[in-house]
Amino acid sequence: MKFKGKTVLITGASRGIGRSCALEFARQGASNIVIGYNKSEEQALELEAMLREAGVNALALKADVRSASEVKLMFRKAQAAFGPVHILVNNAGISGFALFTDITEEMWDEMMDTNIKGMYLTCKEALPDMISEKDGAIVNISSIWGQVGASCEVHYSASKAAVIGLTKALAKELGPSNVRVNCVAPGVIQTDMLAVVDPEIQEELKEETPLMKLGNPIDIAKSVCFLCSDEANFITGQVLGVNGGFVI
Ligand code: NAP
């Protein structure tokens with residue numbers, strides 16, 4: 001029961017990696033779990049019901065992470081229900097494939113607003129309580145492509161590299177307040193995000209992965225929970241690659 005008494009807020013928890021994180025935090029005893037979602041209301045409410053049945057105080061809250069007012073409202077509702085958020089998992093994200101010369105300004109802004117500005121907005125809301133309580137853990141989800149760059153994904157790669165920069169700088173600033181900030185950089189994980197990738201390319205990615213397999217959301221969820229737990233209480237500012245050896 002590692003997370004007994006803790007309130008965890010996960011963005012993008014309606015599907016994929018975020019959903020798996022919510023289930024794993026519940027399995028490891030988190031008392032209160034906020035399921036952040038944007039479009040997938042039905043899936044978020046289903047997860048909320050499932051967690052409540054398992055005895056967790058779960059609350060699904062809609063917030064487009066690009067919107068300062070929606071993010072603020074999500075935090076106000078979460079704090080009203082559960083008090084301070086102790087653990088923030090910045091997972092919500094989008095991907096996109098295009099030649100660099102075909103990336104429009106709108107595509108660029110949508111990518112940056114979702115994948116990096118969203119983290120700025122959620123951290124701003126979570127931090128006053130974490131700093132005053134001198135207790136907090138933040139995990140930001142980056143990507144292997146933020147570490148090594150991907151052809152035809154320049155905007156995605158740039159946004160995910162920014163996540164690493166945000167993590168390291170914020171960890172330095174918040175260390176004296178006992179707030180830890182870390183990053184998980186997943187490899188190729190089987191979620192809806194991967195489902196749009198050509199099966200042949202998926203096969204190639206599998207072959208390029210030293211462990212010769214693709215990852216599952218639970219592989220990421222377990223790493224996120226580890227970084228948020230007391231077992232990691234001397235770990236901050238780090239990028240944990242969970243990628244089957246894709247980036248070594
Ligand atoms: P996914 O299955 O497509 O789920 C994406 C999640 O993000 C959904 O819950 C979605 O919520 C939420 N989201 C998207 N835009 C949002 C917005 N504007 N506001 C709030 N929530 C928003 O993707 P996934 O594979 O689980 O990816 C999760 C994270 O892992 C992302 O940051 C992704 O970049 C990263 N990642 C994934 C892989 C991979 O291979 N799958 C690899 C490396 C990194 P709604 O559906 O409710 O809108």
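Reader: How far does a polar backbone atom of G93 lie from an oxygen atom of the ligand?

Author: The model is a predicted one. A polar contact requires N or O atoms within 3.5 Å. For the polar backbone atom of G93 and an oxygen atom of the ligand, the distance is 3.5 Å.

Reader: What share of the ligand's exposed area does the protein bury?

Author: Backbone atoms also approach the ligand elsewhere: a backbone N or O atom of G12 is 3.1 Å from a ligand oxygen, and a polar backbone atom of I189 is 2.9 Å from one. Taken alone, the ligand exposes 890 Å², of which the protein buries 94%.

Reader: Which residues come nearest to the ligand?

Author: The ligand has 30 residues around it. Those that come nearest are K39, S40, N91, Y156 and T191.

Reader: Is Y156 of helix α6 buried or exposed?

Author: Helix α6 spans residues 154-174 and reaches 30 Å from its first C-alpha to its last, close to the expected 30 Å. Its buried residues include V163, L166 and L170. The cover over the buried residues of α6 includes α4, β5 and β6. Y156 likewise is buried.

Reader: Why does the radius of gyration of the chain agree with a compact globule?

Author: The C-alpha atoms fill a box of roughly 45 × 35 × 35 Å along the principal axes, and buried residues make up 52% of the 248 residues. Because a compact globule with 248 residues would have a radius of gyration near 18 Å, the chain agrees with its value of 17 Å.

Conventions:
Residues are numbered from 1 along each chain as its sequence is written. This is a predicted model: local features need pLDDT of at least 70, side-chain atom pairs count only at pLDDT 80 or more; totals for chains, interfaces and linings use all residues. Side-chain values use heavy atoms; hydrogens and water are left out. Helices (H or I, at least four residues) and strands (E, at least two) are DSSP runs, numbered from the N terminus. The expected span of a helix is 1.5 Å times one less than its number of residues. Buried means under 20% relative accessible area, exposed over 50%, partly exposed in between (1.4 Å probe, protein chains only). Contact means heavy atoms within 4.5 Å. A residue is near a molecule or strand if one of its heavy atoms lies within 4 Å of it. A polar contact is a pair of N or O atoms within 3.5 Å; within protein, one must be able to donate a hydrogen and the other to accept it, and residues adjacent in sequence count only if both atoms are side-chain atoms. Accessible areas come from the Shrake-Rupley method with a 1.4 Å probe; for residues, only the protein chains shown count as cover. The radius of gyration is taken over C-alpha atoms; the globule rule is 2.2 Å times the number of residues to the power 0.38.
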